[in-house]
Amino acid sequence: MKPNSPALKHRTSHDTEREFGGALGALCIPVSLPLTVLFLMAASRSPEAGVLQWPPALPSRDQLWDPAAPVLLLGWIALHALLYLMPLGKVSEGLMLSDGTRLKYPINGFHGLCVSCVLLMLLLALGAPLGSLFELLLPLAACAMAVSFLFSVYLYIRSFWVPPHALAVGGNTGNPLYDFFIGRELNPRIGNFDLKYFCELRPGLIGWVVINLGMLMKEVELRGSPSLAMLLVNGFQLLYVADALWNEEAVLSTMDIVHDGFGFMLVFGDLAWVPFTYGLQASFLVLHPQALSWTRAAAIAALNGIGYYIFRKSNSQKNQFRRDPTHSSVAGLETIATASGKRLLVSGWWGLVRHPNYLGDLLMALAWSLPCGFSHLLPYFYVLYFTVLLIHREARDERQCRAKYGPAWASYCRRVPFRIFPYVY
Ligand code: NDP
C-alpha cells in the first residue's frame with residue numbers, strides 16, 4: 001500500500017488515545033533515555049557511584065567508541081537471528097489478529113540461551129578475556145543505542161507499506177514523532193521472521209546475562225575470585241532470564257505482542273535499556289565490592305525465592321486459565337463472566353491483588369539490589385524504576401481491561417480492591 005492511500009488516511013484521521021505523555025513524551029523520552037543509560041553506566045564505574053550529583057557526569061566521546069563494539073554487537077544479533085531460524089523447539093500460534101488470522105512463532109528462545117551458554121563456556125575454556133566486557137560496556141551501549149535509532153527509523157518507514165489492518169491501534173495517530181516512538185506496525189516481519197518477537201526476549205535479554213558474566217570475570221581478574229554478592233546477582237538474574245525463555249510462549253499473549261506497535265519505545269527497551277541498565281548491580285560490584293555474610297545472603301535468596309514463586313505461580317495460573325479453563329489446576333477457581341465470553345479469575349492468585357505477577361517481580365527486583373549493600377543508591381535504580389514502570393503498566397492494562405470488559409471489570413475491582421500490594425496499593 002502507498003503511504004497516502006485513502007484507507008490509511010481514514011485510519012490516521014481518527015483520534016486514538018495517546019500514551020507516555022503524547023507528542024511531548026515522544027520528543028523527550030528518546031533524548032532522555034539514552035542520556036540516562038550513559039549516565040547510570042558512567043556512575044556505576046565512578047568511585048563515588050553517585051546518582052544525585054549535579055551536573056551529572058556523562059562519559060566523554062572517547063569512552064563511547066571502540067571498533068570492537070559494533071563487531072561484537074552485530075555479531076551477537078546475527079548469532080541470535082540464526083538461532084531463531086534453527087528448526088529447534090515447537091512452533092506456536094499467536095492470538096487471533098483483527099483480520100482473523102494467527103501468526104506462527106518459533107518457541108526456541110531457551111535453546112538460544114543454552115547454545116549461548118555452551119559457546120561462552122567454550123570461549124572461557126579457550127581463555128577468551130570475558131572480563132574485557134567491563135571496558136567495552138560503554139562503547140557497546142553506544143552502539144546498541146545507535147542500532148535502536150536506525151532500526152526504529154526502518155520500522156517507521158516500512159510501516160507505510162503495510163495494509164491498515166497490520167497497524168497497531170494506538171500507533172497511527174498521524175503525528176510522526178509520536179508514531180515513530182510508540183510504533184505503527186503491530187507485527188513487522190521479513191518473511192516469517194518476526195522482528196518484534198525476536199527482539200523481545202533474545203539478543204537483549206540473553207545479552208544482559210552475558211554482560212553479568214563478564215562483570216563476574218572482571219571481578220575474578222581483579223580480586224582472584226567472584227564475591228558472594230556478585231554470585232547472587234548473577235544467579236538471580238540468570239534465573240529470571242532462563243524463566244522468561246523457558247516460558248517464551250507466554251509472551252505471545254502479552255500487551256507488547258498483542259497490543260503495542262513496534263517502534264522506538266520497544267526497540268530501545270529491548271536492545272539498549274534492558275541489557276545495559278538491568279545489570280547495573282553487577283557492574284557496580286566490580287569497583288564497589290561489598291562484604292556479605294552468609295546469613296544475609298540466605299535471607300536475600302529467600303526473598304528472591306518468594307518473589308519468584310509468586311511471580312511464576314500467578315503467571316502460570318493465568319496462562320493455564322486462558323489456555324484451558326477446564327484444566328484441573330484452575331477448574332475449581334471462582335470466576336466472573338464478561339460480555340466478551342472470556343471469564344475473569346476472582347480467586348487464587350488473581351483474587352489476592354489484581355496484579356500478583358507484578359508483586360512477585362518487584363520482590364525479586366529488591367532482592368537483586370540488596371547484595372549491593374546500603375552505601376549507594378545506584379544499585380537500587382532498577383527496583384525504583386521498575387516500581388514506576390509496573391505502576392504505569394498496571395494503569396495502562398487497567399484502562400484496556402475496563403474498555404474490554406466494562407461492568408465485569410468494575411465488579412472484579414470491587415471484589416479485588418488492591419492493584420499490586422495487598423492492603424497498600
Ligand atoms: P499480565 O500478564 O499481567 O496480563 C494482563 C492481562 O491479564 C490483562 O490484560 C487481561 O488480559 C488478563 N487478566 C487480568 N486480570 C485477570 C484475571 N483476574 N483473570 C484472568 N485474566 C486476567 O501482563 P504483562 O505483560 O504486563 O506482564 C507479564 C509478566 O511480565 C509480569 O510478570 C510482569 O511482571 C512481567 N514484566 C516484566 C518486565 C520487565 O522489564 N522485567 C516488563 C513488563 C512486564 P485478557 O483478559 O485479555 O487475557
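**Exercise 1.** In this predicted model, find how much space lies in the largest cavity, and which residues are closest to its centre.

*Solution.* Start with the volume: the largest cavity holds about 70 Å³ of space. Next, look at its walls. The lining is made of 12 residues, and E19, G170, I182, H259 and D260 are the closest to the centre. Finally, sort the lining by class: 3 residues are nonpolar, 5 are polar and 4 are charged.

**Exercise 2.** Work out how many cavities of 30 Å³ or more the whole structure has, and describe the lining of the second largest cavity.

*Solution.* Searching the whole structure gives 2 such cavities. For the second largest cavity, the space comes to about 60 Å³. Now trace its lining, which consists of M41, L137, I211, M215, P275, F276, G279, L280 and S283. Then ask where these residues come from: helix 8 (203-223), helix 11 (264-277) and helix 12 (280-287) each contribute at least two of them. Sorting by class completes the picture, with 7 nonpolar residues, 2 polar ones and no charged ones.

**Exercise 3.** Decide how many disulfides the structure has, and whether C401 is buried or exposed.

*Solution.* Begin with the search of the whole structure, which finds 0 disulfides. Take C401 as a check: the nearest cysteine sulfur belongs to C413 and is 8.6 Å away, while a disulfide needs two cysteine sulfur atoms within 2.5 Å. C401 is therefore in no disulfide. Turn to accessibility next. The relative accessibility of C401 is 6%, so this cysteine counts as buried, the cut-off being under 20%. For practice, try C28 too: with a relative accessible area of 39%, C28 is partly exposed.

Definitions and conventions: Residues are numbered from 1 along each chain as its sequence is written. This is a predicted model: local features need pLDDT of at least 70, side-chain atom pairs count only at pLDDT 80 or more; totals for chains, interfaces and linings use all residues. Side-chain values use heavy atoms; hydrogens and water are left out. Buried means under 20% relative accessible area, exposed over 50%, partly exposed in between (1.4 Å probe, protein chains only). On a 1 Å grid over the protein atoms alone, a cavity is a set of points where a 1.4 Å probe fits but cannot get out, and a pocket is an open set with protein on both sides within 12 Å along at least five of seven lines; lining residues have an atom within 4 Å of a point. Grid points are joined across faces, edges and corners, and a volume is the space filled by probe spheres set on the points. Ala, Val, Leu, Ile, Met, Phe, Trp, Tyr, Cys and Pro count as nonpolar, Asp, Glu, Lys and Arg as charged, and the others, Gly among them, as polar. Helices (H or I, at least four residues) and strands (E, at least two) are DSSP runs, numbered from the N terminus.
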